[in-house]
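Let's take a walk through this one, starting with its rings and ending with the empty space inside.

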Amino acid sequence: MSLRPVLVVEDSDEDYQATLWAMQKLERTDLLERCTDGDDALDRLSDRTQAWPKLVLLDLNMPGTDGREVLAFIRSTPYLRPLPVVILSTSASERDVNDCYQLGANAYLLKPVNFAQYTEQLRITLDFWLGLAQLPESAEGP
């Protein structure tokens, strides 16, 4: 069985680098795979030859295909529907939060500006989704 990555969909190099640093600080060895925009994420998720992600960390506001469209694609595609998707956004807009939950997000988290807070948020998120939650092993379907 191939290693299943945590798929990080993030257009900001700085935010992705913060994730890498936080993972290092937390001494997490989870395999990370990055998509730099929504179109890249749609291509990656449509490719059934690649390892199925165990978790998707999805930025909401990206140019072009945004996180809402990626989330809608995941939830409307039968073999992707079981994937846990955590939205990471700088937007505290009630509309954004509600829209994401309506589209099927598993969680909506605000990106902290402070690195220590971000590291702690990432620790809690990964501990829950990769440690406590029972996740589907793979997707079935066409």
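Keep in mind that this is a predicted model. A good place to start is arginine 48, which sits over the face of tyrosine 79, at 3.8 Å from the ring centre.

Next, look at how rings meet rings. A pair of aromatic rings is described by the distance of the centres and the angle of the planes. The structure has one aromatic pair. Its partners are phenylalanine 128 and tryptophan 129, with centres 4.9 Å apart and 85° between the planes. That makes the pair edge-to-face, because the angle is over 60 degrees.

Are these two partners buried or exposed? Tryptophan 129 has a relative accessible area of 14%, so it counts as buried, the cut-off being under 20%. Phenylalanine 128 comes out at 39%, and therefore phenylalanine 128 is partly exposed, in between the 20% and 50% limits.

Now for the empty space. Rolling a probe the size of a water molecule over the atoms shows where such space is left. Here, how many cavities of 30 Å³ or more turn up? There is one, and the largest cavity has a volume of about 30 Å³.

Who lines the largest cavity? The lining is made up of Leu57, Leu88, Leu109, Tyr118, Gln121, Leu122 and Thr125. Helix H5, residues 115–132, supplies the largest share of this lining, with four residues. As for chemistry, the lining of the largest cavity splits into five nonpolar and two polar residues, with no charged ones.

How values were computed: Residues numbered from 1 in each chain as written. Predicted model: local features only at pLDDT ≥ 70, side-chain atom pairs only at ≥ 80, totals over all residues. Heavy atoms only, no water. Phe/Tyr/Trp six-rings, centres within 6.5 Å; stacked < 30°, edge-to-face > 60°. Buried < 20%, exposed > 50% of the residue type's maximum accessible area, 1.4 Å probe, protein only. Lys NZ or Arg CZ within 6 Å of the ring centre and 35° of its normal. 1 Å grid on protein atoms, 1.4 Å probe; cavity = no way out; pocket = protein on both sides within 12 Å on 5 of 7 lines; lining within 4 Å. Points joined across faces, edges and corners; volume = space filled by probe spheres on them. Helix = DSSP H or I, 4+ residues; strand = E, 2+ residues; numbered from the N terminus. Nonpolar A, V, L, I, M, F, W, Y, C, P; charged D, E, K, R; others polar.
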